[in-house]
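User: Hi! I would like to go through this model with you, one question at a time.

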Amino acid sequence: MDPASLLLSLFMAIIIVIIFAKGIVVIRPWEVGIYIRLGKFVGILRPGVHWVPPFISRVDRMDLRTQVVDVPRQDVITRDNSPVTVDAIVYFRVVDPKKAYFEVTDYRQAIISLAQTTLRSVIGDMELDEILYNRAAINAKLRQILDEATDKWGVRVETVEIREVEPSPTVKRAMEEQTSAERERRAAILRADGEKRAAILKAEGEKTAQILRAEGERIAAILRAEGERLATILKAQGEAQRLRILALGAASLHSHALTAMSLNTLEKMADGKATKIVIPFEVSKLIEGISAYVGKGVREPQVSEVDIEKLLKLIGKPEKVLGSIPSYEELTAEVRQALEEARKTKLRPAELAKEADELLKQIEKEEKK
C-alpha cells in the first residue's frame, strides 16, 4: 500500500472513531434522556451508556431528583384588607419525563408562576390572623392545588412552605400594641387572682391559728385544773396522813411530854421578830399544866387514856401508816452507791464532787468507830 492510501485509511479510521464517540451518551443515575431523532420522539434513555446516531439525534437530560424553587416575594391584600408580603418555597419532582418535556415549555418557571398566582388567591381569601396562626393549613391547601395543576405536566408537588408573612409597618405596629395590651390585661388578671388567693390563704391561716390557739388554751386550762385538783387531793391526803401519824405518835405520850412540846412551841413562836402573837388555844390550861409539871403545886391535869384498839381500828396499824423506815446501814449503803454512780459520771459539777468526797470520808470515819 502506498503512503497516500495509508494516510487516507488512517484519516478515515479517525473520522469513524470520532463519529462513533460522538454518538455515545452517558445517562447518570438520577437522570433520564429524552431521545429525539430527526424531529421524532424515539424514547426515554435510562441511566447507563447509550449510543445514538450522531448529527441526526438529540438527547436532552432531565433530572428526576426533588427540586426546589423559590416563589418571589409579593404583596397580597387579605380578606380583611390588610396588606402583607409573602413568599414561599416549592419542592417538586418530575415523575413523567415525557410530559414534563413535551407538555410545558419550562416546567420550573411554570411552577413558579402557578405558585405565585395560587398563593395570592389563597391568601386573599383569608384574614390576617388566620394567615399568621394557620400556616400549616395554607401549606396543605397550596400543595393540593399545585399538585393537581401540575399533574398534566408530569410533575408532582411534594411540599409547599410559606417562608415569611410580613404585614405592613402600620399593621405591624397596631399588632404590637394589641399584643402589649393583651399581655397587660393577662398580667392584671393574674396579679388580681394571685392577690385573691393570697388573701384567702391568709384568712384561712389566721382562722386555723385562732382555732389551734383556742384549742391549746382549752387543753392547757383543762390540764392546769386537773393538776391543781390532783395537787389539792395529794396535799389533803398528805395532811390527813400527817395528822394520823401525829395521832398515832401522841397516843402513847404522857401529859408531861405534851406540856414540854407546848413549851417548845411557845419558845419557837417567841423567837421571831413579831410584836404580836396569836395563840390558837386556851393559855390558862397550858399554864396549869406547866405549873403542875414544874412545881407540883397544882393538881396535875390528867390526860384521858386513849383506847389503842379503837385508834388502831380507826387509823390502821403503825407499820402501814409509817411505812418501812430504813436503818442507818441501809441509808449509808444507798448513799455510797449513789456517790459511786455519780463518780462514774464524767459530766458532774466540781462542787458536787467535793461534797461527795467529804461525805464518803465522813461515812468511812463513822464506820471505823
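User: Are Phe92 and Tyr107 buried or exposed?

Analyst: Happy to start there. This is a predicted model, so local features need pLDDT of at least 70 and side-chain atom pairs count only at pLDDT 80 or more, while totals for chains, interfaces and linings use all residues. Residues are numbered from 1 along each chain as its sequence is written, and side-chain values use heavy atoms, with hydrogens and water left out. With buried meaning under 20% relative accessible area, exposed over 50% and partly exposed in between (1.4 Å probe, protein chains only), Phe92 and Tyr107 are both buried.

User: Which geometry does the pair of Phe92 and Tyr107 have?

Analyst: Rings of Phe, Tyr and Trp (its six-membered ring) pair if their centres lie within 6.5 Å, and planes under 30 degrees apart count as stacked, over 60 as edge-to-face and the rest as tilted. The structure holds 4 aromatic pairs. In this one the ring centres of Phe92 and Tyr107 are 6.0 Å apart and the planes stand at 80 degrees, so the geometry is edge-to-face.

User: Where in the chain do the two partners, Phe92 and Tyr107, lie?

Analyst: Helices (H or I, at least four residues) and strands (E, at least two) are DSSP runs, numbered from the N terminus. The pair links distant parts of the chain, with the two positions 15 residues apart in numbering terms. Phe92 lies in strand E7 and Tyr107 in helix H3.

User: Which residues are linked with Tyr101 into a cluster by ring pairs?

Analyst: Tyr101 and Phe102 form an edge-to-face pair, 4.9 Å centre to centre with 75 degrees between the planes. Tyr101 counts as partly exposed because its relative accessibility is 24%, and Phe102 is also partly exposed, at 41%. The cluster linked by ring pairs joins Tyr101 with Phe41 and Phe102.

User: Which element gives the largest share of the largest nonpolar core?

Analyst: A nonpolar core is a set of buried Ala, Val, Leu, Ile, Met, Phe, Trp, Tyr and Cys residues joined through side-chain atoms within 4.5 Å. This one has 34 residues, and Val90, Tyr107, Ile111 and Ile138 touch the most other members. Strands E6 (67-77), E7 (83-94) and E8 (155-167) and helices H3 (107-124), H4 (128-133) and H5 (135-150) each supply at least two of its residues. The largest share, 8 residues, comes from H3.

User: How many residues does the other core hold, the one with Val25 and Ile27?

Analyst: That core lies apart from the largest one. Its members include Val25, Ile27, Tyr35 and Val59, and its size is 6 residues.

User: How far apart are the end C-alpha atoms of H3?

Analyst: The expected span of a helix is 1.5 Å times one less than its number of residues. For the 18 residues of H3 that should come to 26 Å, and the model agrees. At the N-terminal end of H3, Asp106 acts as a cap, with a side-chain oxygen 3.2 Å from the backbone nitrogen of Arg108. The end C-alpha atoms of H3 are 25 Å apart.

User: Which backbone oxygen lies 3.3 Å from a polar atom of the side chain of Gln67?

Analyst: Gln67 lies in strand E6 and is buried, with a relative accessible area of 10%. Counting contact as heavy atoms within 4.5 Å, Gln67 touches Val90, Tyr91, Phe92, Val94, Tyr107 and Arg108, not counting residues up to four places away in sequence. The oxygen in question belongs to Asp63.

User: Which residue in the turn between E2 and E3 has a positive phi?

Analyst: Two strands pair if DSSP finds at least two bridges between them, and 5 bridges join E2 to E3, which run antiparallel. E2 and E3 form a hairpin with 2 residues between them. The turn residue has a phi of about 50 degrees and, at 64% relative accessibility, counts as exposed. It is Leu38.

User: Which residue of E5 stands opposite Ile34?

Analyst: E2 is largely enclosed by the rest of the structure, because 6 of its 7 residues are buried. It is joined to strand E5 (residues 57-63) by 7 bridges, and E2 and E5 run antiparallel. Opposite Ile34 stands Asp60.

Conventions:
A polar contact is a pair of N or O atoms within 3.5 Å; within protein, one must be able to donate a hydrogen and the other to accept it, and residues adjacent in sequence count only if both atoms are side-chain atoms.
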